[in-house]
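Hello,

Here is the structure I promised to pass on. Please have it open while you read; my notes follow below.

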Amino acid sequence: MAKEVILLKLGEIALKGLNRRTFEDVLLKNIRRRLTGAGEFAVTSVQSTIYVEPKNEEADMDLAEERCAKVFGVVGYTRAAVTEKELPKIREKAAEYLRDVLEEAGSFKVECKRSDKKFPYKSPEISAEVGGYLLEQYPHLRVDVHHPDVIVRVEVREQNAYLHVDPKPGAGGIPVGTGGKAAVLISGGLDSPVAAWTMAKRGVELTAVHFASPPYTSELAHEKVVRLLKKVSEYAGRIKMVTVNFTKLQEQIRDKCPEELGTVILRRFMLRAAERVARDEGCAALITGESLGQVASQTIQAIACTDAVADMPVFRPLIGADKSEIVKLAYQIGTYDISIEPYEDCCTIFTPRHPRTKPALHFVENAEKAIDGEALLEEALKDVRTTQIMP
């Protein structure tokens, strides 16, 4: 019997009704994959709780806990002591295992969940026995059933008893792979990595499409995007990144199209290219990091002009978010410091001095005729660069 396990609590999955088993199976598969390299673990699901149990002493529990905390579908996680289902052993193990927490606390209460109804003591009796023993061992403590500093939780299940404190917040969401596949247009800025993370939280498996324009953009800019995606992949799992060379297309737009429409025209060609990559990769939707009104190309009129070229749905999970909200999420997922590095980006070169904020579709479509966009698009997509991003 393992001395310690990691307990993962399910959230939204528990409400999936007849589809719940499918969601749980995907979640278990994702957890096992994420634990690769942390040692050997048994991962099982019982009564809305997933047990991550080390198979030997070589298993790295700290690393396993860190990785499980970032698996979408897990709403909470905690380390728990495992003990035999005998009341004296349960209370002794509680005093021993939770020593550090109890010594720092001023008040506590004990809550018990008894799923094994054959156990001879009922939940209130177990709570009273464990609580009384803890008061003997830690005389400085007092019982506070309303606002305790620490809640000692006892779970009596079929095989063993488990002792722990309140779970820490998990990543939430639903398991990656249950929401289909989509391609995210990824840049080196703040928004698109957060948009990718947000859609992965809803179970979407990601392919990333990045646009480079050498020599205007450098290899360092490309590596910056790879590092951003590595942060996202800690939550989203494996991501295939497809880099499309847009140099010729951008130069043609700069030289032959009206300057004030350049950004909107560029966005339309990016969407066209991303959609073709998405279809090749089996994706059913596109994702962008646009937020309404943030820049000239993100007005309602500009977005309508961009979407006119797409046949598949375009998800914009940040469309109503303030910049401060996006920054907060970027800090949370670890992408902020990378995003603010000053490497040039495909979207920011050749920026118009006075971009049109309310472009009319027929003017944009007419302006595009100045270049052979289809030929340039075909050329760009013939020689793409792929990078496998692993968490």
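Two strands count as paired if DSSP finds at least two bridges between them. Keep in mind that this is a predicted model.

First, the sheet. Strand 10 (residues 181-185) and strand 13 (residues 286-287) pair over 2 bridges. Their sense is parallel. Which residue of strand 13 stands opposite Ala183? That is Leu286.

Both strands belong to an open sheet of 6 strands. The order is 14-13-10-11-12-15, and the pairing is mixed. Strand 14 (314-315) and strand 15 (385-389) are the edge strands. Each of these pairs on one side only.

Next, helix 9. This helix lies across strand 10, strand 11 (205-212), strand 12 (239-245), strand 13 and strand 14. Helix 9 runs at about 140° to strand 11.

Helix 9 (residues 262-280) also packs with helix 14 (residues 373-382). The angle is about 45°, and the axes are 11 Å apart. Helix 9 is therefore oblique to helix 14. The crossing of helix 9 past helix 14 is right-handed.

Which residues make that contact?

- From helix 9: Phe269, Arg272, Ala273, Arg276 and Val277.
- From helix 14: Gly373, Glu374, Leu377, Glu378 and Leu381.

By class, the contact of helix 9 with helix 14 has 5 nonpolar, 4 charged and 1 polar residues.

Best wishes

Technical notes. Residues are numbered from 1 along each chain as its sequence is written. This is a predicted model: local features need pLDDT of at least 70, side-chain atom pairs count only at pLDDT 80 or more; totals for chains, interfaces and linings use all residues. Side-chain values use heavy atoms; hydrogens and water are left out. Axes are lines fitted to C-alpha atoms, for helices over the stretch in contact, and angles run from 0 to 180 degrees between N-to-C directions. Helices (H or I, at least four residues) and strands (E, at least two) are DSSP runs, numbered from the N terminus. Angles under 35 degrees count as roughly parallel, over 145 as roughly antiparallel, 65 to 115 as roughly perpendicular and the rest as oblique. A crossing is left-handed if the near helix is turned anticlockwise from the far one by less than a right angle, and right-handed if clockwise. Contact means heavy atoms within 4.5 Å. Ala, Val, Leu, Ile, Met, Phe, Trp, Tyr, Cys and Pro count as nonpolar, Asp, Glu, Lys and Arg as charged, and the others, Gly among them, as polar.
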